[in-house]
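Please open the model in your viewer and keep a selection tool at hand. The tour below moves from charged pairs to backbone geometry and then to the interior.

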Amino acid sequence: MNAADLPFMRRQAPDGRLWRDVVQGVVPQEDGQRMLAGPWGECLVAATRYEVEVPSWSRDPDYRRQGPAGQVIDALLYAGFQRFEPAADRLESATGRALRHGGLQAGPNAPSAWAHSTPSAAPGGGGGGHLPTAPPAPVGGGSNRSSSRGSSSGGESHGEVVERRLEELGLHQPLPWQCCMNEAVERAEHRVPDELSREWPLGIYVTDIRKVSDGWHEGYVLSLSQPLHPGDQFKEVFLRIWRSQLSYWRVDTPTGPWVELTAMRLCREAGLGAASCRRPNQPDQPFVGTCTRGPNHEACNWAVHDFVAHAHPRVAHHAVEALYGSITKFTLSSMAKLHAYDLTHIDTNPLPRFESWRDHLDYLMGLAMEFDDEDSLKAVTRVREMLENSRTPDLPPALCHFDWHLGNVLCDEQGNLKAVIDWEFAGVADPRLDVARHCRKERWTGDVICRVRSHARNVHQIWAEYAECRFGVGSAAFRTLGAPEPWMAFESALVLVIGTNMGMRAARLQRGEHVQLLHFDLMEWSQDVESARWHLKNSGVL
């Protein structure tokens, strides 16, 4: 399956071309609202309009497995642009909400992709916008995605669900700045911190800066006047500035350069490649430091990583498929190799660590009891019952990446792994949580509004393939790994518990109480919490 095979991508765009040709070779963009922009954004807006304005689409066999908007997002992911998925989800949600409440109104605060939007053509038409539109579909009706809105009720939109949850926690806008790290990243000046500029060796300076990360941290590719280290081939380096301090493991252990550097060292010891971080003229020392960053002038950690030569995502995609048969097989093989490195007797400080799933659940139960949250308590209790009843075999603690996709596993043009990058979510725990997280992202897409990917395999298929990569062929491998259901529930429960606990701490901070609170992005975590809640309800845990 590729983008050209998806039915909506074969529909006609307003300029007369097919949508697949409009986006062919185009790198996605994000606008000032952190929503998908450019041709990809316009394509997604057209697909969302089609769902709202042409109710009969749900009876079209082309959309039986996945709706038009879902197909556009699948095409985006297939093209190797996974990091733009949150921006696509935000645009889809905002567009659908606007269309059901008066239409798309262009303006300075509106998504830029709305500017060129035209009404949808009826089924069978070219989609160019010259035909009368059908009556709007009822809210929440006529869509094969309606069953995926499990976190909402009464047709609530993506944003409305999150706002309601924040009100239930006792929070109101504006949120404390410590809870708005995505906004801090967006508003940060696109320039190298002065504290870093003073550390460049004589004769080295930045000739160009390109922002490549708009999430919880600032990420920049810096072009230098000459290579940073003698003998290096490339003049580029990667600068990360940590803004969010919260990972998916503990509420009292901040993420940062030392967590990432430790994870990268362990990754190399496991036999996988990782980027290096070397101070100029002192290559045995990491190139890290602290800077003051706007808009709130908080102290932030930074690190400069050496550039890793790798193939373009589309080239890597095809090379990996040719070498391994599928992207999933390649990812699971890499994951299994990492998890096979037994950390039982290895010092992994400062990585957050749990020696067993029992210790991990004990910690989560403590967080749930801190605020006596009913859903959190129920989820942790039920997951413990599921694991105990299944008599799940114990596995040694392993390094978990928690964000596996081809954008974080860099390859050369032959499909060989060069480096695993972006270790900001790293922790040491039962490796089945890492596998469950990957299954979740492979099988479903979206925040709050969750849907099955049109080309995704089911969880049991992915789970069995990991068991084979890790333990070999045969039923014994699957028995060693255990069934996936308890671990899928476990992964959702830890997101629910940590996100809810941090939301309640933020509410205390807003009331003026003294509380320990790592910097994080409450809005994005709230979306994650609602996705976790949906999965837990969908599986019968809640």
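Select Arg353 to begin: with a relative accessible area of 19%, Arg353 is buried, where buried means under 20% relative accessible area, exposed over 50% and partly exposed in between, for a 1.4 Å probe and protein chains only. Add Glu355, which counts as partly exposed at 42% relative accessibility, and display the salt bridge between Arg353 and Glu355, whose closest N and O atoms are 2.7 Å apart; a salt bridge is here a side-chain nitrogen of Lys or Arg within 4 Å of a carboxyl oxygen of Asp or Glu. Next, select Arg164, Arg165, Glu168, Asp375, Glu530 and Arg533 together, as salt bridges that share partners join these residues into one network.

Before going further, note that this is a predicted model, in which local features need pLDDT of at least 70 and side-chain atom pairs count only at pLDDT 80 or more, while totals for chains, interfaces and linings use all residues. Residues are numbered from 1 along each chain as its sequence is written, and side-chain values use heavy atoms, with hydrogens and water left out.

The structure holds 34 salt bridges, and two further pairs deserve a stop. Select Arg243 and Glu298, which form a salt bridge with the closest N and O atoms 2.9 Å apart. Arg243 lies in the loop between β5 (236-242) and α8 (257-269) and Glu298 in strand β7, so the pair ties together parts that are 55 residues apart in sequence; helices (H or I, at least four residues) and strands (E, at least two) are DSSP runs, numbered from the N terminus. Arg243 counts as buried at 2% relative accessibility, and Glu298 is buried as well, with a relative accessible area of 5%. Then move to Arg278 and Asp306, whose side chains meet in a salt bridge at 2.6 Å, N to O. This pair links distant parts of the chain, with Arg278 in the loop between α8 and β6, Asp306 in strand β7, and their positions 28 residues apart. Arg278 counts as partly exposed at 24% relative accessibility, whereas Asp306 is buried, with a relative accessible area of 9%.

Turn now to the backbone. Most residues other than glycine have a negative phi, and most peptide bonds are trans. Which way does the peptide bond from Gln173 to Pro174 go, cis or trans? That bond is cis, with omega near -5°, and Pro174 lies in the loop between α5 (158-168) and α6 (181-187). Select also Gly294 and Pro295, where the peptide bond is cis with omega near 5°; Pro295 is found in the loop between β6 (288-293) and β7 (298-306).

For positive phi, select Asp372 in the loop between α11 (357-371) and α12 (374-390), where phi is near 55° and the residue counts as exposed at 58% relative accessibility. Continue to Arg391, in the loop between α12 and β8 (398-400), which has a positive phi of about 50° and counts as exposed at 75% relative accessibility.

Finish in the interior. The largest nonpolar core has 119 residues, and those with the most contacts inside it are Trp200, Leu364, Leu399, Trp423 and Phe490; such a core is a set of buried Ala, Val, Leu, Ile, Met, Phe, Trp, Tyr and Cys residues joined through side-chain atoms within 4.5 Å. Helix α16 (residues 485-510) gives the most to this core, with 13 residues. A second, separate core of 40 residues includes Ala46, Val52, Tyr63 and Ala69.
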